[in-house]
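Me: I'm opening this one for the first time. Can you walk me through it?

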Amino acid sequence: MSKRFYLTTAIDYVNGQPHLGHAYEKIVADVIARSRRALGEEVFFLTGLDEHGQKVQQAAQAEQQDAQAYCDALAADWQRFATTLKLTNDDFVRTTEPRHKEVVQAILAKLHREGHFYQDTREGFYSAREETFVTEKERLPDGSFPAHYGEVVKLSETNWYFKLGAHQAWLIEHIEKNPAFIQPESRRNEILGFLKNHTLEDLCISRPAARLNWGIPIPFDPAYVTYVWFDALVNYISIPAAHGDPVVCRALGISASGIQLWPADIHVIGKDIVKFHAVYWPIMLKAMGLPLPHKLLVHGWWQKDGAKISKSTGNLVDPVAIINEWGLDAFRYYVVRELEIGPDGNWTDAGFAARYSAELANGLGNLVNRSLAMLKRYRHGVVPARHDELKTNAEDPTAIVRQFLGNLDPAYFSERLGVVLKTTESNSISLQLALVNIWHLVTRANQYVDQTAPFKLAKDPAQSSRLDEVLYNLTETCRVLAVLIGPFLPETSAKIFAQLNLPLETKLSAAAWGGLPAGHVIGEPAALFPRKDQPKK
Ligand code: MSP
């Protein structure tokens with residue numbers, strides 16, 4: 001059986017309700033998952049929850065709840081949220097599930113047997129908030145530690161450590177030889193800089209159960225639980241193991257014959273957790289005898305009105321409230337169109353409303369509505385004979401969408417568009433540029449309506465065949481757009497197909513010009529994005 005395209009998100013801590021940042025990451029991953037399926041690949045998309053560790057234990061204690069009961073209640077909310085976002089995930093991992101815990105313990109036992117761990121007593125400064133020891137090097141000039149560590153206390157503790165020393169050189173070489181491994185390049189440079197200028201300190205992989213009991217017990221030393229990051233990262237292979245992935249199972253010494261997922265094709269993560277994914281995770285995998293993931297796709301952080309999103313200051317964007325008011329697709333469109341994967345973004349309600357009005361209501365919505373309404377009015381909804389005036393305009397975005405979703409065809413770019421791609425851009429994924437190019441077609445088709453003025457042609461019987469041509473081009477453009485927007489705006493895509501009275505098409509190949517048959521009778525047009533400045537009917 002061939003390997004599936006395997007895509008993951010970070011798994012979120014269950015210490016509160018999902019906010020814009022969590023929603024953004026999951027939507028980015030979902031658009032990629034849907035796009036790969038549209039390109040004809042078999043995909044496995046995994047997301048889920050990180051339920052152990054100090055953050056979750058403290059949150060449960062603050063609510064005077066048993067940690068597992070606390071996680072169970074919140075997990076139901078987060079799973080509902082995944083449904084609200086219409087995520088097409090194939091599984092949902094919770095790190096408190098037995099299928100995950102068993103794999104974490106099997107890996108710990110194996111690495112222990114093979115001599116990767118040792119016990120040591122260290123005295124140091126400990127940040128409970130970040131659940132980590134902080135080194136002297138991190139002190140600020142005034143002697144304090146950076147604010148994100150919260151309270152830092154002196155602590156002497158015996159723990160289990162993972163030897164990292166032997167891994168530094170090959171990791172640097174791997175990142176240097178594989179420019180597409182960490183996207184964007186700025187994050188790759190950051191990791192390379194870190195690895196070249198620091199000697200990696202061994203990773204503490206345990207926490208004394210006496211201090212923190214909300215974790216997976218270390219199988220060879222019951223006085224300890226597993227450090228939350230060692231536990232969390234393993235989700236990317238514990239779920240493949242649960243599905244019988246032969247590559248993962250072989251490394252764990254289990255015989256299996258399920259679907260092959262590993263190595264992951266893309267881990268979608270935020271900028272704050274790159275070190276865990278680009279340094280510790282590859283080393284853990286190498287020690288286990290497993291291949292490394294192909295790509296870490298690192299997104300930036302959202303702010304709201306120029307300030308950090310924060311529960312305590314109330315500076316929040318509630319995705320569910322936005323979706324209830326404006327619709328899911330408007331939310332999905334805005335976050336992907338507004339922010340390239342990499343830099344930080346800034347949510348403003350005015351910016352959201354402006355894109356909704358210009359690009360969705362007056363752009364795509366108006367195009368589809370007036371095109372189909374004219375076909376109804378002037379031709380009783382019957383599609384005229386094929387005509388190719390907008391064919392090239394429709395083909396360009398289709399090719400570009402393929403490119404930016406990761407199917408590279410450099411020849412097309414240099415010959416047709418005069419764009420020479422840099423080697424480091426090979427395989428670079430840009431959902432934003434895909435949308436920008438789809439919207440070039442929206443704009444072009446709206447201009448075409450203004451230029452050809454079908455409402456005038458309709459008044460002149462001598463122009464009847466010209467009107468047929470124009471109506472074909474517009475209706476077919478609506479169909480092509482419905483295919484292209486599918487991964488981004490799945491509800492809108494389905495609505496356009498329904499209004500065209502055609503079965504839903506999700507494969508990108510269906511965007512080929514000319515798919516609309518002459519003589520076909522369309523359905524009823526209806527507003528896709530109701531204008532917000534007018535009262536709703
Ligand atoms: N549990 C760890 C991840 C373990 S992955 C093996 C964690 N959880 S988290 O809930 O704090 O963050 C989950 C994801 O949400 C991370 O990728 C993080 O970068 C992302 N975001 C959290 N706040 C964000 C914004 N304000 N904006 C964009 N993404 C943000 O870290």
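Reply: What follows covers the ligand first and then two sheets. Keep in mind that this is a predicted model.

Me: OK, ligand. How many residues surround it, and which are the closest?

Reply: The ligand is surrounded by 24 residues. The closest are Ile11, Glu25, Asp50, Asp272 and Trp302.

Me: What kinds of residues are in that shell, by nonpolar, polar and charged?

Reply: Twelve residues of the shell are nonpolar, eight are polar and four are charged.

Me: And which strands and helices supply at least two residues each?

Reply: Two strands do so, S2 (12-13) and S12 (266-270). The helices that do are H1 (20-38), H7 (228-233) and H8 (235-242).

Me: Back to Glu25. How far is an N or O atom of its side chain from an oxygen atom of the ligand?

Reply: That distance is 2.6 Å. Backbone atoms take part as well: a polar one of Gly270 lies 2.9 Å from a ligand oxygen, and a polar one of Tyr13 lies 3.1 Å from a ligand oxygen.

Me: How much of the ligand's exposed area does the protein bury?

Reply: The protein buries 95% of the 670 Å² that the ligand exposes when taken alone.

Me: Changing topic: sheets. What is the order of strands in the sheet of four?

Reply: The order is S6-S5-S7-S9; the sheet is open and its pairing is antiparallel.

Me: Why is one side of S6 and of S9 left without a neighbour?

Reply: Strands S6 (132-134) and S9 (203-204) stand at the edges and have a single partner strand each, so each has one side with no neighbour in the sheet.

Me: And in the middle, how many bridges join S5 to S7?

Reply: Eleven bridges join S5, residues 117-127, to S7, residues 152-162, and the two run antiparallel. For one pair, look at Glu123, whose bridge partner in S7 is Ser156.

Me: What about the sheet of three strands, what's its order?

Reply: This open sheet is ordered S15-S14-S16, with mixed pairing. S15 (307-308) and S16 (345-347) are the edge strands with a single partner each, so one side of each has no neighbour in the sheet.

Me: How does S14 pair with S15?

Reply: S14, residues 302-304, pairs with S15 over two bridges in the antiparallel sense. Opposite Gln303 stands Lys308 of S15.

Me: Which helix lies across S14 and S16?

Reply: Helix H12, residues 328-338, lies across both strands. Helix H12 runs at about 145° to S16.

Terms used:
Residues numbered from 1 in each chain as written. Predicted model: local features only at pLDDT ≥ 70, side-chain atom pairs only at ≥ 80, totals over all residues. Heavy atoms only, no water. Pairing = 2+ DSSP bridges. Contact = heavy atoms within 4.5 Å. Axes fitted to C-alpha atoms, helices over the stretch in contact; angles between N-to-C directions. Near = heavy atom within 4 Å. Polar contact = N/O pair within 3.5 Å; in protein donor to acceptor, adjacent residues only side chain to side chain. Areas by Shrake-Rupley, 256 points an atom, 1.4 Å probe, with all protein chains shown as cover. Nonpolar A, V, L, I, M, F, W, Y, C, P; charged D, E, K, R; others polar.
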